[in-house]
Amino acid sequence: MGKSVGPWFFWGCMGAVSTARKFQLDSTYDPDHFYSDHKRLEAMEALGFANWTILTLYAISLCVRVAYASSGEQIPTITFPIPRITFSIPRIAFPIPHNDLSIPNLPFLRDQASIRNDSNSTCLMCRRRPRNGRFDFSGINCRDEAKRLSPMLLEIPRDHATFSMIQLKFQQSWKPANGTTCPRVKYFYRIVETSNSVASYHNYLRTYGNEGFFYHGTRRSCRLGDNGHTTLCASPLCNACSIIRTSFAVTLANPGAFGQGIYTSSASNKSASYSNSPSNGIMFLTKVVLGNIYNVNRFAEVTTCPTGYQSVVFDRMNGQLNETVVYTDDAIRPVYLIVFG
Ligand SMILES: [Zn+2]
Ligand SMILES: [Zn+2]
């Protein structure tokens with residue numbers, strides 16, 4: 001009870017003072033100063049009313065406490081639901097001071113091989129600032145500049161953290177099903193997609209979920225990827241350049257054992273068999289939206305995507321020759337290009 005006396009006393013005094021002041025103003029009311037006095041009077045009345053209301057509430061609560069204390073009962077706890085108000089603070093992206101807008105003219109974009117000896121986790125675009133966390137770029141300026149130049153390839157230096165990461169994945173997913181040994185990784189490139197390509201993939205991902213990384217071996221009819229060569233060729237027959245330019249297209253895919261779809265594998269050895277040659281091949285590391293997976297146990301068990309599913313998986317030889325098939329363009333995007341041999 002001791003705790004409630006303080007505020008009770010305070011509000012009592014305030015109520016008494018404001019009421020006394022109101023009566024004083026009442027008695028000295030001067031019609032010549034009608035406006036200002038009237039306002040002060042109103043203010044005092046309001047203040048007095050508020051004070052007396054609070055005082056009355058304190059008095060009631062005190063009576064309730066006394067009543068409960070004399071009856072020996074526990075005072076029930078009344079909790080008022082306080083609405084949780086959350087403010088969404090807009091994310092303000094501060095542009096990082098940057099003088100790299102001349103990047104397209106820098107030599108490394110024309111000949112990246114010349115600056116392969118870079119530090120360990122620098123931004124793949126400016127190669128100067130450290131990258132931002134797990135992202136490949138240092139900030140939005142470098143990312144936006146890369147997007148502006150997209151679609152394109154950015155070479156990952158051999159001593160770069162991303163190089164080690166992908167190399168490890170590549171080696172771990174090499175299942176020597178046919179007694180083959182894992183080839184050496186010669187070059188890695190990050191593929192920068194166009195904003196439209198990113199957006200339509202993300203829409204699909206949001207709808208179906210279940211994303212994974214898979215390999216896709218393919219052929220090239222130019223020297224893309226060799227020795228830092230990143231210029232896409234114009235040949236419509238060059239699978240590698242077409243995929244980087246416009247991603248995968250189901251309509252252009254050769255029908256396989258599970259119908260017309262885009263075939264990938266969790267085993268890098270399986271994908272390597274689709275490249276030009278084991279001694280000088282390329283493959284993509286792709287991101288794939290699997291959605292609902294339809295598992296099969298033999299070839300041609302299905303030849304289209306079954307209704308209600310978004311992917312077909314054949315874990316042949318316990319995954320050593322895994323086949324993962326999707327049937328929609330937006331279910332897959334190339335992320336890295338790997339040159340091996
Ligand atoms: Zn940068
Ligand atoms: Zn090409």
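I started with the five-stranded sheet of this predicted model. I read its strand order as β1-β2-β9-β5-β3, an open sheet with antiparallel pairing. I then checked the edges: β1 (152-156) and β3 (211-218) each have a single partner strand, so one side of each lacks a neighbour in the sheet. From one strand to the next, I get an average twist of 30 degrees.

Next I looked at how β1 is held to β2 (residues 185-192). I found five bridges, with the two strands running antiparallel. One pair I noted is L153 with its bridge partner I191 in β2.

I turned to the helices on this sheet. Helix α6 (residues 195-208) packs on it and touches β3, β5 (281-289) and β9 (332-340). I noted about 50 degrees between the directions of α6 and β5. Helix α7 (residues 239-246) lies across β1, β2, β3, β5 and β9. Against β3, I have α7 running at about 150 degrees.

I moved on to the four-stranded sheet. The order is β4-β8-β7-β6, again open, and I logged the pairing as mixed. Its edge strands are β4 (262-264) and β6 (293-296), each paired on one side only. Ignoring direction, I get 25 degrees on average between neighbouring strands.

Inside this sheet I looked up β7 (residues 311-314) and β8 (residues 323-326). Four bridges join them, and they run antiparallel. I noted E323 in β8 as the bridge partner of F314.

Last, I took the whole chain. I count eight helices and nine strands. Of the 341 residues, 31% are buried. Among contacts between residues at least 6 apart in sequence, 66% join residues at least 24 apart.

Key:
Residues numbered from 1 in each chain as written. Chains lettered and ligands numbered in written order. Predicted model: local features only at pLDDT ≥ 70, side-chain atom pairs only at ≥ 80, totals over all residues. Buried ≥ 20, exposed ≤ 12 C-beta atoms within 10 Å, placed from the backbone. Contact = placed C-beta atoms within 7 Å. Pairing = 2+ DSSP bridges. Axes fitted to C-alpha atoms, helices over the stretch in contact; angles between N-to-C directions.
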